[in-house]
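The following paragraphs offer a guided reading of a protein model for a reader who has not met it before. Please keep the sequence and the three-dimensional view at hand while reading.

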Amino acid sequence: MSEIIDVIGMEEFEQCINSDKPVVVDFWAKWCYPCKMQTPILHEFAAELGDKVKVIKVDVDENPDIAVKLSIASIPTLFVYKNGELKEKTVGLTTKANLSDMVIKHI
């Protein structure tokens, strides 16, 4: 099972996204209700795909530099990276099916 990593800081973020596996990045905040609804979907998704994908969470309140650099205006926002390159992006609560559609083609 793949664990979900809580990223703190730009350096850790850049290390995480520079992976040969797809990396799902969840931009969220503690006060955001849709973000709280997104979390169990991400856990289920990560458990199903295991080592084929990495899932990381970036709290925009704790990491405003990352949020500003990537122009995160609404949360939750999900990005999919592979080898440090942004491949997919969606804004708002995302279903597991939509998340799978975004990621599977990059495995």
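Which residue in S3 does Val25 stand opposite? The residue opposite Val25 is Ile56. This pair offers a way into a model that is predicted. It belongs to the contact between strand S2, residues 23-28, and strand S3, residues 54-59, which run parallel and are joined by 6 bridges. Another pair between these two strands is Phe27 and Val58, the latter in S3.

From this pair of strands the view may be widened to the whole sheet. It is an open sheet of 5 strands with mixed pairing, and the order across it is S1-S3-S2-S4-S5. Strand S1 (4-6) and strand S5 (85-91) each have a single partner strand and stand at the edges, so one side of each is left without a neighbour in the sheet. From one strand to the next, the twist averages 25 degrees.

The pairings can now be followed from one edge to the other. S1 pairs with S3 in the parallel sense, over 3 bridges. Within this pairing, Asp6 has Lys57 in S3 as its bridge partner. S3 itself is mostly covered, with 5 of its 6 residues buried. Lys54, which is found in strand S3, is partly exposed because its relative accessible area is 22%, and a residue counts as buried under 20%. Lys54 also comes within 6.9 Å of Lys21, C-alpha to C-alpha, although 33 residues separate the two in sequence.

On the other side of S2 the sense of pairing changes: S2 and S4 are antiparallel and share 5 bridges. Here Val24 stands opposite Val80 in S4. S4, like S3, is described as mostly covered, for 5 of the 6 residues of S4 are buried. S4 and S5 are likewise antiparallel, and 6 bridges connect them. Lys82 and Glu85 face each other in this pairing, Glu85 being in S5.

How many residues lie between the strands in the hairpin of S4 and S5? There are 2, and Asn83 takes a positive phi near 55 degrees in this hairpin. Most residues other than glycine have a negative phi, and most peptide bonds are trans. Asn83 is not a glycine, yet has this positive phi. With 51% relative accessibility, Asn83 counts as exposed, since the class begins over 50%.

The loop between H3 and S4 also deserves attention. Ser71 is found there, and Ser71 too has a positive phi of about 55 degrees without being a glycine. Its relative accessibility is 57%, so Ser71 counts as exposed. Pro76 lies in this loop as well, between helix H3 (64-69) and S4. The bond that joins Ile75 and Pro76 is a cis peptide bond, with omega about 0 degrees.

The surface and its charged side chains come next. Tyr33, Met37 and Leu93 together form a nonpolar patch on the surface, with about 320 Å² of accessible area. Of these, Met37 lies in helix H2, residues 33-49, and is partly exposed at a relative accessible area of 36%.

How many salt bridges does the structure hold? The structure holds 8. One of them joins Lys96 and Glu44, whose closest N and O atoms are 2.6 Å apart. This pair links distant parts of the chain, since Lys96 is in helix H4 and Glu44 in helix H2, 52 residues apart. Both residues are partly exposed: Lys96 has a relative accessible area of 24%, while Glu44 has a relative accessibility of 41%.

Glu85, already met opposite Lys82, forms a salt bridge with Lys87, with 3.5 Å between the closest N and O atoms. Glu85 is partly exposed at 46%, and Lys87 is partly exposed at 34%. A further salt bridge brings together the side chains of Lys105 and Glu88, at 3.3 Å from N to O. Here again distant parts of the chain are linked: Glu88 is in strand S5 and Lys105 in the segment after H4, 17 residues apart. Lys105 is exposed, with a relative accessible area of 54%. Finally, Lys30, Asp59 and Glu62 are joined into one network by salt bridges that share partners.

Definitions and conventions: Residues numbered from 1 in each chain as written. Predicted model: local features only at pLDDT ≥ 70, side-chain atom pairs only at ≥ 80, totals over all residues. Heavy atoms only, no water. Pairing = 2+ DSSP bridges. Helix = DSSP H or I, 4+ residues; strand = E, 2+ residues; numbered from the N terminus. Axes fitted to C-alpha atoms, helices over the stretch in contact; angles between N-to-C directions. Patch = residues over 30% accessible without salt bridge, like charges linked within 9 Å, V, L, I, M, F, W, Y side chains within 5 Å. Areas by Shrake-Rupley, 256 points an atom, 1.4 Å probe, with all protein chains shown as cover. Salt bridge = Lys/Arg side-chain N within 4 Å of Asp/Glu carboxyl O. Buried < 20%, exposed > 50% of the residue type's maximum accessible area, 1.4 Å probe, protein only.
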